[in-house]
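Here are some exercises to work through with the model open beside you. Try each task on your own, then follow the solution step by step.

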Amino acid sequence: MEDQLLSIEQKLAGGERLTREDGLLLLNSNELLRIGALARLVKQRKTGNKVYFNVNRHINLTNVCKARCKLCAFGCDADASQAYVMEPEQALAIARQAVADAPEMTELHIVSGLHPDKPFAYYADIIRAIHREFPALHIKAFTAVEIAHFAKIAKLSVREVLTVLKEAGLNSMPGGGAEILNDRVRHILCPDKASAAEWLEVARTAHQLGIRSNATMLYGHVETPEERIDHLLTLRQLQDETGGFQAFIPFPFHPENTGLSDLKRTTAWEDLKMLAVSRLMLDNFDHVKAFWIMLTIPIAQISMGFGIDDLDGTVVEEKILHAAGAKTAIGISKQEIIAFIRETGNIPVERDTLYREVRVYEGSEV
């Protein structure tokens, strides 16, 4: 094992791309601190001591969803007691309040369930209304799974759906719904939503249209180590082709209240290793993000020593992950994020969605 890790170290020192076998070796190794140090070196090459965050607000338009995936605690049927659907004016009111509460906010992050009855026009109209009132606000909206759903219900191509949304004001896309890009896993977890090939084709088409996106992985359920590494390699290959991914976000699976509630949540050890291995394998991704809501603030802080250079943002009101038992706050202040980053010896950098620097917090300024 020592010699094999030495070989990986030598590859990284020479800028050589890691292989599938290297990835599996890293995942199966117990040399966590050594792996973390390698990931930290790669991160330093890309972004130095900077750790990014943004001021953003999540809006979840509806929790009514036809897919009802085993992995999800958020989606429900339309007649469930907890079911809700926002009307366009409600979504616009939330956007107005968010801007009033945080005038420096740069991003609205909008995702939803796959509502069986709401037409595509409902979603496009909401984007259009928000963009009309707040043209400077970056709208990051709809996962590849949602885009595939819109195409089906509207009987349009994915390219047509994305073109309509881009013209309405959509600026970029989040990376959710990727889970594990393997049809064996998806057949178990989420058989009624976009396949691996469909997810990838939506991302490819978005990138061709100039719509940047993120990519995610949900790990810690029924997948194998090989499927985790293959997921990373699949994303790396598409990034080689399009260059359209901005950041990668590995999500640990939260089993509480899901159809897989008998599973145990991944450990901090596994989370840190997965973050570090992602940084090492995805050499063509500029950023790897620790989503503090899923990882907890302590693990997110430690992850900055394991190759992570982004903590996402202030969020304000996250619903999907908390439905699955996330115990973190539903939002956080900018001052708290700055303090968490600064405590690790890194430099907090407020960014916009496209990673343009809004403000670098040197010294003790807030």
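**Exercise 1. A helix and its cover**

How many of the 14 residues of α11 are buried?

Before you start, a word on what you're looking at. This is a predicted model, so local features need pLDDT of at least 70, side-chain atom pairs count only at pLDDT 80 or more, and totals for chains, interfaces and linings use all residues. Residues are numbered from 1 along each chain as its sequence is written, and side-chain values use heavy atoms, with hydrogens and water left out.

Step 1: get the vocabulary. Helices (H or I, at least four residues) and strands (E, at least two) are DSSP runs, numbered from the N terminus. Buried means under 20% relative accessible area, exposed means over 50%, and partly exposed is in between (1.4 Å probe, protein chains only).

Step 2: find the helix. α11 covers residues 268-281.

Step 3: go through the residues. Those that are buried are D271, L272, K273, M274, L275, A276, V277, S278, R279, L280 and M281. That's eleven of the 14, so α11 is mostly covered.

**Exercise 2. Checking helix lengths**

Task: work out whether α5 has the span you'd expect, then do it again for α11.

Step 1: the rule. The expected span of a helix is 1.5 Å times one less than its number of residues.

Step 2: apply it to α5. This helix has 14 residues (120-133), so it should span 20 Å. Its end C-alpha atoms are 21 Å apart, which agrees.

Step 3: apply it to α11. With 14 residues, α11 reaches 20 Å from its first C-alpha to its last, close to the 20 Å expected.

**Exercise 3. What sits over α5?**

Task: list the buried residues of α5 and name elements that cover them.

Step 1: the buried residues are F120, Y122, Y123, A124, I126, I127, A129 and I130.

Step 2: their cover includes the helices α4 (88-101), α6 (144-154) and α7 (158-168), plus the strands β3 (107-111) and β4 (138-141).

Step 3: look at one residue of α4. L92 is in this helix, and at 8% relative accessibility L92 counts as buried. Contact means heavy atoms within 4.5 Å. Leaving aside neighbours within four places in sequence, L92 is in contact with A129, I130, E133 and F134. L92 and F134 are 42 residues apart along the chain, yet their C-alpha atoms are separated by 9.9 Å.

**Exercise 4. Two helices crossing**

Task: describe how α6 and α7 meet.

Step 1: choose what to report. Two packed helices are described by the angle between their axes and the distance between the axes. Axes are lines fitted to C-alpha atoms, for helices over the stretch in contact, and angles run from 0 to 180 degrees between N-to-C directions.

Step 2: read off the values. The axes of α6 and α7 come within 9 Å and cross at roughly 105°. That makes α6 roughly perpendicular to α7 (under 35 degrees is roughly parallel, over 145 roughly antiparallel, 65 to 115 roughly perpendicular, the rest oblique).

Step 3: name the residues. I147, F150 and A151 of α6 meet V158, V161, L162 and L165 of α7. They divide into seven nonpolar, no polar and no charged (Ala, Val, Leu, Ile, Met, Phe, Trp, Tyr, Cys and Pro count as nonpolar, Asp, Glu, Lys and Arg as charged, the others, Gly among them, as polar).

**Exercise 5. Sites from the record**

Task: place the UniProt "binding site" cysteines C65 and C72, then E179, in the model.

Step 1: treat the source with care. UniProt positions use the numbering here, feature names are shortened, and annotations may be inferred rather than shown by experiment. The unreviewed entry gives "binding site" for C65, C69 and C72, and also for E179.

Step 2: take C65. It's in the loop between β2 and α4 and is buried at 13%. Beyond four places in sequence, C65 is in contact with G75, C76, G113 and L114.

Step 3: take C72. This cysteine lies in the loop between β2 and α4, but C72 is partly exposed at 28%. Its contacts, not counting residues up to four places away, are N257 and T258.

Step 4: take E179. You'll find E179 in the loop between β5 (172-173) and α8 (183-189), buried at 9%. Among the residues E179 touches are R186, K193 and H231.
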